[in-house]
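Let's take a walk through a protein model together. Have the sequence and the 3D view ready, and look up each residue as we come to it.

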Amino acid sequence: MKEKAKIICEQTPRNVFYINEILESFPDSKIVNMIRDPRDVLLSQKNKWKRRYFGSSSIPFKEAVRSYFNYHPITISKLWNSSINNARKFERNERVLSLQFESLLENPEKQIRDLCDFLGLNFSEE
């Protein structure tokens, strides 16, 4: 039996380049854009290829090799900048919320309350 979801989430990072199309195609949609410190993004991408060897054995060897050779700090930095610049075009849009990942870690209750308000959900401490 399939359960019907009340909220559908899609978390592909490159969707930040399609915000306008998403908002036009799905008139009831809201977008939460999670922004992460670029230094952490660089570190994460640099070591992405190692996931296969630290317990994620479902990652094919070919994908691990591709991740290793595709990493370059300048390329990753340009991609990060491009995504930030694209999201900024929508910072005044009432259906788009940008949330700093580090702010979520520093003050989780406030950030989750703000997120719930944005999404029209009731906040619960559980």
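Below is a short tour of the chain, its pockets and a few residues worth finding.

## The chain at a glance

First things first: this is a predicted model. The mean pLDDT of the chain is 84, and 83% of its residues reach 70 or more. Among the elements, helix 1 has the highest mean pLDDT, at 96, while helix 3 has the lowest, at 70. Keep that in mind as you look around: where pLDDT is low, the predicted coordinates should not be read in detail.

What is the chain built from? You'll find six helices and two strands, and reading along the sequence gives the pattern α-β-α-α-α-β-α-α. The chain has 126 residues, and 21% of them count as buried.

## The largest pocket

How much space lies in the largest pocket? It comes to about 1900 Å³. The lining is made up of 41 residues, and the ones closest to the centre are Glu 10, Gln 11, Thr 12, Pro 13 and Arg 14. Several elements give two or more residues to this lining: helix 1 (19-25), strand 1 (31-35), helix 2 (38-46), helix 3 (61-70) and helix 4 (73-88).

Which element gives the most to that lining? That's helix 4, with six residues. Sorted by class, the lining of the largest pocket has 22 nonpolar, 11 polar and eight charged residues.

## The second largest pocket

Now for the second largest pocket, which holds about 180 Å³ of space. It is lined by 15 residues, and Ile 35, Ile 84, Arg 88, Ser 98 and Gln 100 are the closest to its centre.

Strand 1, helix 4 and strand 2 (96-100) each chip in with at least two residues of this lining. By class, the lining of the second largest pocket has eight nonpolar, three polar and four charged residues.

## Charges over rings

Next, have a look at the aromatic rings. The count of aromatic pairs comes to zero, but two rings do have a charge over them. Lys 30 lies over the face of Phe 118, at 5.2 Å from the ring centre. The charged end of Arg 36 sits over the ring of Phe 101, and here the distance to the centre is 5.7 Å.

## Three residues to find

Start with Asn 86, which you'll find in helix 4. Is Asn 86 buried or exposed? Its relative accessible area is 13%, and buried means under 20%, so Asn 86 counts as buried. Measuring C-alpha to C-alpha in the model, Asn 86 and Ile 19 are 8.4 Å apart in space, although 67 residues separate them in sequence.

Move on to Leu 119, found in helix 6 (residues 108-119). Leu 119 has a relative accessible area of 33%, so it falls in the partly exposed range, between 20% and 50%. The C-alpha atoms of Leu 119 and Leu 97 are separated by 9.4 Å, and the two residues are 22 residues apart along the chain.

Finish with Pro 27, in the loop between helix 1 and strand 1. Why does Pro 27 count as exposed? Exposed means over 50%, and Pro 27 counts as exposed because its relative accessibility is 59%. Pro 27 and Arg 95 are 68 residues apart in sequence, yet 9.5 Å apart in space from C-alpha to C-alpha.

Terms used: Residues are numbered from 1 along each chain as its sequence is written. This is a predicted model: local features need pLDDT of at least 70, side-chain atom pairs count only at pLDDT 80 or more; totals for chains, interfaces and linings use all residues. Side-chain values use heavy atoms; hydrogens and water are left out. On a 1 Å grid over the protein atoms alone, a cavity is a set of points where a 1.4 Å probe fits but cannot get out, and a pocket is an open set with protein on both sides within 12 Å along at least five of seven lines; lining residues have an atom within 4 Å of a point. Grid points are joined across faces, edges and corners, and a volume is the space filled by probe spheres set on the points. Helices (H or I, at least four residues) and strands (E, at least two) are DSSP runs, numbered from the N terminus. Ala, Val, Leu, Ile, Met, Phe, Trp, Tyr, Cys and Pro count as nonpolar, Asp, Glu, Lys and Arg as charged, and the others, Gly among them, as polar. Rings of Phe, Tyr and Trp (its six-membered ring) pair if their centres lie within 6.5 Å; planes under 30 degrees apart count as stacked, over 60 as edge-to-face and the rest as tilted. A charge sits over a ring if NZ of Lys or CZ of Arg is within 6 Å of the ring centre and within 35 degrees of the ring normal. pLDDT is the predictor's confidence in each residue, from 0 to 100. Buried means under 20% relative accessible area, exposed over 50%, partly exposed in between (1.4 Å probe, protein chains only).
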